[in-house]
Structure formats: structure tokens, C-alpha cells
Amino acid sequence: MVRRLLTMLVLSALGTTTGAAAEAGAPLVFACSPENDLYRAVTAGGTDCPCYTNGLEAVRAAAAGAGVLILADGYPEETTAVDTAVFEEAARKRLRVYIEYPQQLPGLEVGSPRQVKFERGVVTSKLFGESLPPERIVLVSSCRYVPVPISDTHLVIARVAGVDTAVFGLNEAAAEPLLFDHPRGDLLVATTKLSHFVTGRYLPADAWHTIWQTILGRLGGGPPPELRWTPSVCPSYGRGDPLPADIEAQAVRRSAEWIVQRSRSLRHVDWPAEALDRSRTYNTVRKMPSLEWPCGDGSFGLLEGFSSTIRPDGSQPMRYAVRNDCMGEVAMLLTLDAAINEQPEHAAIATRLIDYTLGSSELAAGPRADPQRPSYGLVGWALDHPESYWGDDNARALLGMGVVAALSNESRWNEPIARCILANLRTTGRNGFRPSCVLGPQLETQGWQAHWTAEHTHYSPHYQSWIWACYLWAYQQTRFEPLLARAKTGMRKLMQAYPADWDWVLRSGTIERARLLLPLAWLVRVEDTPEHRQWLRTVAGDLVALQDSCGAIREVIGNGELGVSSNTEYGTGETSLIQTNGDPICDLLYSCNFALAGLHEAAAATKDPFYAEAGDRLAEFLCRIQIRSDAYPELDGAWYRAFDYRRWDYWASSADWEWGPWCIETGWCQPWIAGTLALRQRRTSLWDLVQQVELRTPFDRLRPQMLPDEALIGPKGEQK
């Protein structure tokens, strides 16, 4: 131990050992920075290994037959330059050499570095044993590699479908070598920096432990050294760890603090103009806002969140969209946090976010503010698409605004909320369905009446059902019959079509079931009938049947088919986190978040312990897997989209081209998880809060203008 401490002191002071300081006969000799992830993991595991600044020093100092690792200190900007003398000396001393990200190799052509996009690592040999067999998948985050023309490999980089396994093999996948044996023997080559696995956040962690144990054992010619490292981003608690009594309140506070303090997502008017303009172009992803830029206070809106991309330094870039739904939902979270954790400034930020959305931004302006235009009352999706009117996005924003209005006792948003509900209602057809997204130009041409009289159906709760919840909210106060009639008709048709004819958004059966719980629960609030209770229990029962003992609700493919149908389809659109039913993955962006809210509302509406018990299990699970990270504080306190509850790690298929496993949305995920946890703390429900918002007066004033009596009565006097 004393000698190890002395060695580390020398490494810290000099950055290298000398040949004289090297342990005679050491089985492993490193050429790298002492800060290299692999070197740190080996030494943390209790093995002292000499470390040199370059490959020539390392091979000269190594004992005959030892293993030498020449690691890529210059990655990703610089490849690893190795003099011919290194290979000659290694051959003379019969050394087993590992080199990564090489600039040149004996007898092989090495190309210029290339960058991956959707490709992942795939095992191609039996080198790693039964725990990591051929066709197993690993993530080498934002890998930059050098192409080498060789076919006999242990790992390749390729675009393949699957969660853990390349289910279609390498069929139609342009595979490039990632790890291979050089034809000369005793030379193992990695075309990228595999030793970057901690900083680069390579996943899954158990696979990388196997990879490095195998490589080190082979190089050392004996049992591999123990490796110790802590992932820089990890769940807050293990599966069986004891939890503090106030864990749910803590989770709410951490989520709200993530929004306000750590995520850098609140925009400020004094940010560089170029950065502010990014929100005007769809899908702009750039480095997160600089720490030198001032933090916003809600008055200039909020960014969408973090991209799923993990860059070589372990950071993640920001999605610069400014979206109506995210702002309304985040405002809800901050207001609820203020209520349970005594954070009045968070409530003030929430108020400013709503004022920005409905006032100073253009999302509710232009044709949306003109009573003579068919877009009147709608709220635009985002600054980059202000004339896209998604019913679901409007619904989630409306519910968030309702919570803020109720808890702040503020009435100035009552009319815009009532107006938006009416605007969505009049673009909802006879069967209770509206187009998933009504586009402004077509709406201006066709008028809202074309939608109101349409016989459209779309059996997708994800796209359709939460706007029905808003109709039920308004009906409870106004008793305007079309609100109930169209919501109830839509739900009846959905249940008649269930499950055979449903449109499984992102191919997920879990998403669709989770989204229907809340409106079905609210239908019980409005009309508590055996039929409506049975609808709720049917859908909830099928959803809870997917719940693991740890509380996670597993993703399933709705029609039982595949996540993507081929390797070439991988990464070409939005899709599920799983490839086949049985993958132990849950989705916190689309399923578990909405399931938590829906189960909570179902328990409140029915007083049935079935819903409360499932909700309790899910809430505990979500508290356990909230992100903990000291290295990346901008992630700490948030939730990723994906979690593998069997591995207890953030892992899934990354086939979704924009919102992959490691994306973090400010809206959608965080507010419905943390917001529902806050509702549980207050022992109230979303329904009870939004009913405190007085909608009847503005609704009764607006309704004759927006949905006149003649639109309600057909030519023969029947109700439309």
C-alpha cells in the first residue's frame, strides 16, 4: 500500500514513471496519461502498473513477454502516433501490445478518422466469452474511429437494430472494425479510444467491465486485474437501497432545481442573438448554454431539453426549441414545488412562463388572437412551428396552466384557457377525434367547420385522449353538452376498437394504455357508471400487468411485431425503445410518466386501492432512478427517457432518430413525474386543482362567437 501511494504521488507530480521506477516483471505496462479512465480503474482496483508518456518508453521498460497498452491521449482530435521502433522492439521482446486510435500500423492502411451517428459496437467473435457473445451490442458514445481494411474482428461499429443483440445480425449494415488482432500477432488494435469508457459514458457498464477484463487478462497472460470505477451518471438509489421518508418531496425539489438552477434551460433576453435564433429553426441541437450567459427567470421562455447524444467528453447538447407544451408543464411543476417545498421564486418563474406563452411570445398571437380567424384560441406548438396545432400538446399545456392558475389564485389566464379548449373542440369531429395536428394554412383555407362536421376517427389515446380530459374539465363547470358528448363518443369508440384496431404510436402498447387512464378517470368523475369504471379497469389492468416487482412498467410493442423491421430502418424515425416484447425496458418520456399521473387520478376518482397500490410501486421506482451526477450537474435531478430495470442502468434501443434513450425533456417527462409526486404530497389530485379555475364565465361569453348555435343544430334539428 505504501509503495502504491508513493507511485501515485510520483504520477501526480511528474505525469510518468521512469524506467528505473517500473516494477520488474510487471505484467502490464501503460503508455498514457495517469488520468486515463482505464489506468485509473486498474489502479483503483489495487494493481500497481508502471505508466509512461509514450509507447517507445513503455516497450523499452517492459519485461519480456509483458503486456503493453498504448492509449489514445489525443482522442478525438489526434490519432495515436507510434514510431516503427515501437513495433520492432515489441516484437523483439515478444510483448503483447494493445494500441488504440492509431495513426499508422505495420502493413495495414489506416484511413482518416470518421464520426459515427447511429452506429453502435457489435461483438463479432467469441473473445469475450458467454457473457458477451457474438452479436451483442455496446455503445461507444459519439465514437470517432479510423477505418482499417480487415475482416477478422472482435468488435465492429455498425448500424444495427436491437436492444442487447443485433437481431438482424450485420445484414445490410456497413460494419467497420473496432477491435481486431493484427495479422502479425501479439498486437491488438482498437480503431477508437476504448479506454475512454468512463469519461465517454460507454454503455452498458457491465459489458464494458467484461470487455476490459478480457483484454487485460489476455495482455497480462493471467488473471485480469480488478477494475473499479463509478459511472459518472447513475440512478439515485439501487433496487434495494433504503429510501428516506421524504423521498418524494426530495425528488420534486431536485427536479425543480434541475429546471431552475442546473439545466440552463431558462432563456434570457441577453443571450447571444445567434443562440436565441436557434429556436426559430426546427430541431436545432447545439452545445448547452454557456455558464457565462445569464440565467433566465421565465419571462423569455424555456428550452426543450437535452438531446440523447452523448459526446466524447460525456456532455450532452441542448435542444433549442421553445415549445408551448414544455412551458405549460414546467410551470405546473415549479408551482407545485413552490407549494410543497416553500419555493416562492419557483412560483414566480411559473407565472412568467405562462405570461410569455400566452402574451409576449407569438405562440398565441397573430391569427390565434384574431376572433375572425379559424385559428383563434389555439396555441402554436413551438417558435419554429407556430402554426402547428397539436391537440395533445395543447392539452398538456392547458392542464399545466390550470394548475398554475389554481395554486396562484390568478384569474387572468381563465379566458385564454377557455378559448383554447373551445378552439380545440371546434376542430374536433362528430366522433370525438381531431387530426393529430391541425395545420394553420389548411385551417385558414377549410375553416374550423370542416373539422367540426368531419367523421374522422383515429384510435390513438396518445394523440387524442388528453384533450378529452380538458373537455371534461370544462364540462364539469359549463354543462355544455358537446364537450361531454364528443369526449365520451371518442372514448367509447376507442374502447370498442381496443386493442385490435388501435394505432400504436411509436409502436408501443404501453404508451397508448398509459395515456388513456387520466381521461377515463375523469369520465368516472363526470359520469360514474359501471361501464365507465369497467373501461378504466380494463385498460389499467392490462397496463399494470406489465409492472415489474420493482415498480417499473415495461414497454411492449402494441401489435406484437418489431420495434424496427430491419437494420436499414434503424435511426430513420421516431420509434420504440424496445425491439421485441420481453425487453426489460421502461419509457419515462411517453409511458411511465403518464401512467403515474393516470393511476393517481384513477385512485382519486374511484377510491379503488388497485390503482393506488400500482401508483405507489411506480412512484417509488421513479424516485430510485432519478439521475444522480456530480460530474454533470446539468443532468442531476432529471429523468432520462429510458431505463433497463433488469440491469438497473440507462440502456435501451437507440433507434429513435431524435428522442433516444438519453434525451431529457423539460416538459413531458419531468413535470408529470415530479408534478404527480407533488400532488401525492399534497393529498390532492389534478382534477381537484383544475376545478378551482373558473371557466364558466369566459366560456359562456366566448362560446356563441366561436361555436355559434347554428353549428350545434343540424338541418333537421338534430344535435350535431
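Buried means under 20% relative accessible area, exposed means over 50%, and partly exposed is in between, with a 1.4 Å probe and protein chains only. Keep that scale in mind for every stop.

This is a predicted model, where local features need pLDDT of at least 70, side-chain atom pairs count only at pLDDT 80 or more, and totals for chains, interfaces and linings use all residues. Residues are numbered from 1 along each chain as its sequence is written, and side-chain values use heavy atoms, with hydrogens and water left out.

**The whole chain**

Start with everything shown as a cartoon. The protein has 23 helices and 21 strands. Both are DSSP runs, numbered from the N terminus: helices are H or I with at least four residues, strands are E with at least two. The radius of gyration is 29 Å, close to the 27 Å that the globule rule gives for 720 residues, so the protein is as compact as a globular protein of that length. That radius is taken over C-alpha atoms, and the globule rule is 2.2 Å times the number of residues to the power 0.38.

Turn the model along its principal axes. The C-alpha trace spans about 100 × 50 × 50 Å.

Now switch on the surface. About 25,700 Å² is exposed, and carbon and sulfur atoms supply 49% of that area. Accessible areas come from the Shrake-Rupley method with a 1.4 Å probe; for residues, only the protein chains shown count as cover. Of the 720 residues, 62% count as buried.

Contact means heavy atoms within 4.5 Å. Take the contacts between residues at least 6 apart in sequence: 74% of them join residues at least 24 apart.

**The cysteines**

Select the cysteines. A disulfide is a pair of cysteine sulfur atoms within 2.5 Å. By this rule the count comes to zero disulfides. Go to Cys-295, which is in no disulfide; its nearest cysteine sulfur belongs to Cys-326, 19 Å away. Cys-295 is partly exposed, at a relative accessible area of 44%. Next pick Cys-470, also in no disulfide, with the sulfur of Cys-420 as the nearest cysteine sulfur at 7.9 Å. Is Cys-470 buried or exposed? Its relative accessible area is 0%, so Cys-470 is buried.

**The loop between β3 and α4**

Move to the loop between β3 (67–70) and α4 (84–92), where Pro-76 sits. Zoom in on the peptide bond from Tyr-75 to Pro-76: this bond is cis, with omega near 0°. Most residues other than glycine have a negative phi, and most peptide bonds are trans.

Stay in this loop and select Val-82. At 6% relative accessibility, Val-82 is buried. Which residues does Val-82 contact, leaving aside neighbours within four places in sequence? They are Ile-70, Phe-87, Ile-99 and Gln-104. Add Gln-103 to the view: its C-alpha is 7.2 Å from that of Val-82, with the two positions 21 residues apart along the chain.

**Helix α15 and the loop after it**

Select helix α15 (481–497), then the loop between α15 and α16 (509–526). Met-495 is in helix α15. At 12% relative accessibility, Met-495 is buried. Beyond four places in sequence, Met-495 touches Leu-516, Trp-535, Thr-538 and Val-539. Met-495 and Val-539 are 44 residues apart in sequence, and their C-alpha atoms are 8.9 Å apart.

Step into the loop. Tyr-498 and Pro-499 are joined by a cis peptide bond, with omega about -10°. Further along the loop between α15 and α16 is Leu-506. Leu-506 is not a glycine, yet its phi is positive, about 55°. Leu-506 counts as buried at 11% relative accessibility.

**Helix α19**

Select residues 609–624, helix α19, and pick out Leu-618. Leu-618 is buried, with a relative accessible area of 0%. Show its contacts beyond four places in sequence: Gln-547, Gly-551, Ile-553, Cys-592, Ala-595, Leu-596 and Leu-599. Which C-alpha distance separates Leu-618 and Ile-553? The two are 7.5 Å apart in space and 65 residues apart in sequence.

**Last stop: Trp-648**

Finish in the loop between β20 (642–644) and β21 (664–665), and select Trp-648. Phi of Trp-648 is near 60°, a positive value in a residue other than glycine. Trp-648 is buried, at a relative accessible area of 14%.
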